[in-house]
Amino acid sequence: MDTAIKLKGDKVIQQIPSIKDKALRINLNENIYGTFAEIGAGQETVRHFFRSGGSSGTIAKAMSAYDKDFSDAIYGIEKDGRYVTESRLKRMINMEAELVEKRLSREKHPNKMFFSYANTVATIDFAKQFKGHGWVGIRYQIEPDEDYNEITLHIRFKETDARLQQETLGILGVNLIYGAFYKYNDPKKLLRYLYDHLDKDQLEIDTINFSGPRFANVDNRLMSLQLVKNGMTDAVMFDPNGKNILPAAILYKKNILALRGSFRPVTKVNMDMYEKSLNMFIEENKVEKENTLVVFEITLSNLRSDGEIDERDFMDRAELLCSLGQTVMISNFQEYYKVVEYFANYTKARMGLAMGVNNLVDIFDEKYYRHLSGGILEAFGKLFYRDMKVFLYPMIDENGDIITSETLKVHPRMKELYKFFKFNGKVIDIDNYDPAILEVFSREVLKMISEGKPGWEPMLPTGIAEIIKEHYLFGYDPNKLLKATN
């Protein structure tokens with residue numbers, strides 16, 4: 001009898017199934033049955049299922065409609081004429097799932113759990129200028145008589161060789177299919193398992209959406225947060241409806257005005273800064289309102305509480321910003337110049353940052369740039385690239401004085417540098433602010449809500465207090481208010 005030897009000091013190592021084992025487990029399940037449609041990087045995913053053995057029990061069809069006319073004839077023509085898009089992926093997985101249902105009788109296959117897996121990708125180009133990206137997804141059943149579930153994600157290749165990118169895509173595909181069937185009950189784990197046998201420097205996942213009966217309780221904004229938290233991407237975005245959106249698609253060629261904050265909760269100051277800075281931004285040369293996007297950004301460090309990310313707190317903030325019709329970005333960028341660099345990947349149009357005096361003073365603090373070989377000058381070269389401007393919202397100090405770009409104080413060593421940017425119109429004061437709300441601070445409002453103190457409602461935008469009370473956000477408890485008033 002062979003028994004495994006355990007020595008003192010041995011650590012428990014998590015056993016990750018090999019890609020072959022994952023594919024084989026699916027192949028040996030007589031009820032998992034479906035199709036593979038892969039375009040742009042070979043048939044790399046289905047290849048693993050063919051090679052692992054027993055594939056005839058899993059693969060109903062495998063195809064690659066590379067020719068555009070063939071592809072259009074099968075899946076239809078996209079409105080924008082593009083092929084590596086989310087809408088193309090959706091057409092592929094929906095049509096292939098319909099075909100499976102249509103061609104395979106339920107009477108003959110009563111226990112089959114059908115699926116359709118697809119990817120549409122563009123690998124690195126010949127000149128190696130664009131590393132490539134793609135959409136990957138699966139539509140599948142967990143019970144034969146149950147509606148379909150769906151997982152779709154967008155990837156960016158980081159490798160600089162097309163063959164390596166193809167292999168990476170194949171491994172990701174197997175991980176996705178395996179996770180969809182065997183980890184659907186824990187979407188956070190499913191997300192992490194997508195990187196089994198892969199490294200973060202091979203692949204970036206910057207958008208993911210779950211839908212269907214098995215994911216009815218999954219909030220995709222929370223899944224977005226996991227992508228940044230797990231280091232799978234640097235930034236994610238979601239729209240006012242709470243749907244995760246591809247940053248490249250929404251930022252492409254747009255004029256961008258960004259506001260960074262805690263928004264815990266969003267106050268009248270935040271909205272005054274937003275409205276006034278936007279009015280000033282669209283007055284700038286070459287900025288058209290219809291081609292302008294405003295982004296409310298929350299950094300990952302801002303979400304950390306005692307070193308851990310408070311997911312409930314994140315959802316509270318997200319719900320309020322979405323209710324105000326805003327587009328939200330969660331990022332891993334500590335420094336402002338990294339935000340500007342990120343936006344510059346997708347647009348050459350105008351950019352603006354709206355911020356308070358404290359934030360601008362922090363920007364001129366050298367300690368944030370010691371890791372850069374060029375120090376603060378390198379950071380500022382990136383920050384004020386392409387005529388980027390800061391729209392500065394004033395603050396009131398402890399003496400009741402209003403501090404603006406004219407009166408703020410930076411470190412003596414930074415004074416001349418600051419004067420240079422101020423003189424050249426890179427820092428512009430928001431003049432028509434509402435002086436009545438300058439003493440409203442998010443942290444004070446939050447404290448009043450959590451301690452049950454009255455009087456915080458007028459400090460918030462219209463309708464926000466009602467949402468906080470209705471959904472018990474930020475620790476709101478009407479019983480605390482009763483105790484406080486008694």
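These legends go with several views of a predicted protein model.

**View 1. The whole chain, with its 18 helices and 18 strands.** Measure it along the principal axes and the C-alpha trace spans about 80 × 65 × 60 Å. There are 486 residues here, and 52% of them count as buried. Take the contacts between residues at least 6 apart in sequence: 72% of those join residues at least 24 apart.

**View 2. The surface and its charges.** The accessible surface adds up to about 24000 Å², and carbon and sulfur atoms own 50% of that. As for charge, the protein carries 66 positive and 70 negative ones, and their mean positions sit 3 Å apart.

**View 3. Inside the largest nonpolar core, a set of 94 residues.** Which residues touch the most other members? That would be Ile 151, Ile 330 and Ile 468. Helix H5, running over residues 162-182, supplies the largest share of this core, with nine residues. As a bit of background, nonpolar side chains tend to be buried together in soluble globular proteins.

**View 4. Zooming in on Ile 468 and what it touches.** Leaving out residues up to four places away in sequence, Ile 468 touches two aromatics-bearing neighbours written as Trp 456 and Phe 474, among others. The list also includes Pro 265, Leu 320, Ile 449, Leu 460, Leu 473 and Tyr 476.

**View 5. Another core, apart from the largest one.** This one has 55 residues. Among them are Leu 251, Phe 333, Tyr 337 and Tyr 342.

Notes:
Residues numbered from 1 in each chain as written. Heavy atoms only, no water. Helix = DSSP H or I, 4+ residues; strand = E, 2+ residues; numbered from the N terminus. Buried < 20%, exposed > 50% of the residue type's maximum accessible area, 1.4 Å probe, protein only. Contact = heavy atoms within 4.5 Å. Areas by Shrake-Rupley, 256 points an atom, 1.4 Å probe, with all protein chains shown as cover. Lys, Arg positive; Asp, Glu negative; His and termini not counted. Charge placed at Lys NZ, Arg CZ, Asp CG, Glu CD. Core = buried A, V, L, I, M, F, W, Y, C linked by side-chain atoms within 4.5 Å.
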